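Me: I've got a protein model open and I'd like to understand the words people use for it. Can we go through some of them together?

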Amino acid sequence: MNSKIWLSSPHMGGQEFAFVKEAFDTNWIAPLGPNVDGFEQDLVAYTGSGYAAALSSGTAALHLALIMIGVQPGDEVICQSFTFSATVNPIVYLGATPVLVDSESETWNICPFALEKAIVDRIAKGKKPKAILPVHLYGMPAKIEQIIAIAAKYDIPVIEDAAEALGSTINSKAAGTFGIMGVLSFNGNKIITTSGGGALISDNQDFIDRARFLSTQARDAAPHYQHSQIGYNYRMSNICAGIGRGQMLVLDKHKAQRRKIYDTYAEQLSALPGIKFLPEPAGFKSNRWLTTITVDPAAGKGITRENIRLELEKDNVESRPLWKPMHLQPVFQQYPYYTNGEVSAALFDKGLCLPSGSNMSSADQERVVNIIKKIYE
Ligand SMILES: *Cc1c(COP(=O)(O)O)cnc(C)c1O
């Protein structure tokens, strides 16, 4: 059996263990400490955001962001349908209703037309959405400037899910820094990892101070344990943050490697009939967290993305269909949904994520390319 090629696996840079060892040596084995502070400073410096709070996961960051803008049971929150379920779950944790909006075809992210249609219709039905949650999926930035303009017109706050987009930019400004808050993830498969973790970033210090307070059980200033609010145990551990500090040293390198992987796939596979890539709109720069393709059987010898996925699997290569949109998920399909042309359903039907880890060798990539080329011979 050939060695396994993963979709996206952890890739240590070498310095992570030194930060973790320092935490052990100084006994900072807790959800606070110098690595947490240092990692937050690194995130601020890298993204250009004013402030950052390191948390236990991206999901926790989304949950806290919604709590801080006051989402209550019965409220509505607009959310991109084409995403991972973790974007939507925190809306439901709060007893609020997700209003799902389809994508456009240039970035695969929330469609500004469908978004405005949803806002107008929800307001007409008597409920103004409490927030808008766009996602920068697979690292490709959403049309965030248009989204922010629409949100401003109706005075609705935007929280960006940039879990997959650390290092992505629009006109050189970091994804996650356009809305009132941005969410990052450092899960094991993301562009950098802390083994598990996330962060909330914002230019508003008050949000970040409150995120730190709420994520450490909402302790009031008192010598005893005093609480006037419900708290959460969502802070990042100093051990995980040590891994994060080491990973920040190689983030730009990982981004360059993933972008190169995309370029190689595009170079090698674009000529195959029915296979299409997702180019960057002008001014947009994706971290190319995962290289994604669409496979049109009508244009390409009847070959489907499942044919490709199964051929890769036979050779111990992991690939994965694109996210199944939330409006098609059994657990979310009862919620309101708005579209301007069923874009994400078609992407789910035809789309595939190719192995894209920054630790892939060129021989690994050649193996993937050759398997796919052979299917079309
Ligand atoms: C990974 C991910 C999250 C959740 O982050 P966790 O750190 O795994 O909780 C949220 N949204 C998207 C789009 C993601 O890919």
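What follows is a chat about packed helices and cavities in this predicted model.

Me: Let's start with helix 1 and helix 8. Why are helix 1 and helix 8 called roughly antiparallel to each other?

Reply: Look at the angle. Helix 1 (residues 16-25) and helix 8 (residues 238-248) pack at about 150°, with their axes 7 Å apart. Angles over 145 degrees count as roughly antiparallel, so that's the label this pair gets. The crossing of helix 1 and helix 8 is right-handed, too.

Me: Which residues of helix 1 meet helix 8?

Reply: On the helix 1 side you have Glu16, Phe19, Val20, Ala23 and Phe24. Their partners in helix 8 include Ile239, Gly242, Ile243 and Arg245. By class, this contact has six nonpolar, four polar and two charged residues. Gly counts as polar here, in case Gly242 had you puzzled.

Me: OK, now helix 10 and helix 12. What makes helix 10 and helix 12 oblique to each other?

Reply: Helix 10 (residues 305-314) and helix 12 (residues 362-376) pack at about 130°, with their axes 10 Å apart. Roughly antiparallel needs an angle over 145 degrees, and roughly perpendicular covers 65 to 115. An angle of about 130° fits neither of those, and therefore the pair is oblique.

Me: And where do helix 10 and helix 12 meet?

Reply: Asn307, Ile308, Glu311 and Leu312 in helix 10 touch Val368, Ile371, Ile372, Ile375 and Tyr376 in helix 12. Sorted by class, the residues of this contact are seven nonpolar, one polar and one charged. Glu counts as charged, so Glu311 is the charged one.

Me: What about the cavities? How many cavities of 30 Å³ or more are there?

Reply: The count comes to four. The largest cavity holds about 80 Å³ of space, and 80 is above the 30 Å³ cut-off, so that one makes the list.

Me: Which residues line the largest cavity?

Reply: Among them are Leu7, Tyr138, Trp289, Arg320 and Cys353. The lining divides into seven nonpolar, two polar and one charged residues.

Me: How do you know which lining residue is the charged one?

Reply: Asp, Glu, Lys and Arg count as charged. Ser8, Asn189 and Arg320 are in the lining, and Arg is on the charged list, so Arg320 is the one.

Definitions and conventions
Residues are numbered from 1 along each chain as its sequence is written. This is a predicted model: local features need pLDDT of at least 70, side-chain atom pairs count only at pLDDT 80 or more; totals for chains, interfaces and linings use all residues. Side-chain values use heavy atoms; hydrogens and water are left out. Axes are lines fitted to C-alpha atoms, for helices over the stretch in contact, and angles run from 0 to 180 degrees between N-to-C directions. Helices (H or I, at least four residues) and strands (E, at least two) are DSSP runs, numbered from the N terminus. Angles under 35 degrees count as roughly parallel, over 145 as roughly antiparallel, 65 to 115 as roughly perpendicular and the rest as oblique. Contact means heavy atoms within 4.5 Å. On a 1 Å grid over the protein atoms alone, a cavity is a set of points where a 1.4 Å probe fits but cannot get out, and a pocket is an open set with protein on both sides within 12 Å along at least five of seven lines; lining residues have an atom within 4 Å of a point. Grid points are joined across faces, edges and corners, and a volume is the space filled by probe spheres set on the points. A crossing is left-handed if the near helix is turned anticlockwise from the far one by less than a right angle, and right-handed if clockwise.
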